[in-house]
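Here's a quick briefing to read alongside the model. Have the sequence and the 3D view open, and follow the topics below.

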Amino acid sequence: LLPVRYPYVLESYHYMNDKIVTAARADGTKFFLDSGAFSIFTQEAQISLESYARFINTHQDIIKIASNLDDVTKTEKISYANQKRLEELGCKVQPVFHAREDESWLTQYIDEGYDYIFLGGMVSESTPILLNWLDGIWHNYLTNADGTPHTKIHGFGLTSLELIFRYPWYSVD
């Protein structure tokens, strides 16, 4: 059997290094780059928005998709400001919207025309809480009348098969 070749590999900026970059270039790997915000938060590390932007801009050849450097403490204004600053620095990054954030921020991302939105902040939530939240946002914001999604949605940190198969995700990890 031939190994399955995925279109891109999820990797956290927090763990990226020269060895990974060199190997990716050698074998043609493309990355779905997670900013590492969750790892940074849980390990009480620091990350510079400017260094993240430099990394994205320097390694565009191996980065297929990159997430915003979101604020996992669920401060929507900081996440949005980071999104706009990274864009000013020349980065194409996708916004991250978290469980329990004000849904007007999700509406703003949709209204601004983002074609791929990442949902985060779900790791620490129970499945019943997530079912209620996800049912609401999928029904009210993310799908057309026929139930098809009108934008691509990625689910960060999903481990529940019930949640994975209940919604029309574009991608999950």
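First, a term for what follows: a residue is buried under 20% relative accessible area, exposed over 50%, and partly exposed in between (1.4 Å probe, protein chains only). By that yardstick Glu112 is partly exposed, with a relative accessible area of 33%. Keep in mind that this is a predicted model, where local features need pLDDT of at least 70 and side-chain atom pairs count only at pLDDT 80 or more, while totals for chains, interfaces and linings use all residues. Residues are numbered from 1 along each chain as its sequence is written, and side-chain values use heavy atoms, with hydrogens and water left out.

**Salt bridges around Lys84**

- Side chains of opposite charge can pair when their charged atoms come close.
- A salt bridge here is a side-chain nitrogen of Lys or Arg within 4 Å of a carboxyl oxygen of Asp or Glu, and the count by this rule is seven.
- Lys84 pairs with Glu87 in one salt bridge, at 3.4 Å from N to O.
- Both Glu87 and Lys84 belong to helix H4 (residues 76-88), sitting three residues apart, or about one turn of the helix; helices (H or I, at least four residues) and strands (E, at least two) are DSSP runs, numbered from the N terminus.
- Glu87 counts as partly exposed because its relative accessibility is 29%, and Lys84 gets that label at 24%.
- Lys84 also forms a salt bridge with Glu112, whose closest N and O atoms are 2.7 Å apart.
- Glu112 lies in the loop between helix H5 (103-111) and strand E5 (116-120) while Lys84 is in helix H4, so this pair ties together parts that are 28 residues apart in sequence.

**Other salt bridges**

- Asp135 and Arg166 form a salt bridge, with 2.9 Å between the closest N and O atoms.
- Since Asp135 is in helix H6 (residues 127-142) and Arg166 in helix H7 (residues 161-166), the pair ties together parts that are 31 residues apart in sequence.
- Asp135 is partly exposed at a relative accessible area of 30%, and Arg166 is partly exposed at 44%.
- A network of salt bridges links Glu50, Arg85 and Glu88.

**How H4 and H5 pack**

- Two packed helices are described by the angle between their axes and the distance between the axes.
- How do H4 and H5 cross? Their axes come within 10 Å and cross at roughly 20°; axes are lines fitted to C-alpha atoms, for helices over the stretch in contact, and angles run from 0 to 180 degrees between N-to-C directions.
- H4 and H5 are therefore roughly parallel to each other, a label for angles under 35 degrees.
- Glu76, Lys77, Ser79 and Tyr80 in H4 meet Trp105, Gln108 and Tyr109 in H5, where contact means heavy atoms within 4.5 Å.

**Two residues in strand E1**

- Ser12 sits in strand E1 (residues 9-12) and counts as buried because its relative accessibility is 10%.
- Not counting residues up to four places away in sequence, Ser12 touches Leu33, Asp34, Ser35, Gly36 and Ser39.
- Leu10 also lies in strand E1, but Leu10 is partly exposed, with a relative accessible area of 37%.
- Setting aside neighbours within four places in sequence, Leu10 is in contact with Phe32, Asp34 and Asp173.
- From Leu10 to Lys30 is 20 residues in sequence and 8.9 Å in space, C-alpha to C-alpha.

Note on methods. Parallel < 35°, antiparallel > 145°, perpendicular 65-115°, else oblique.
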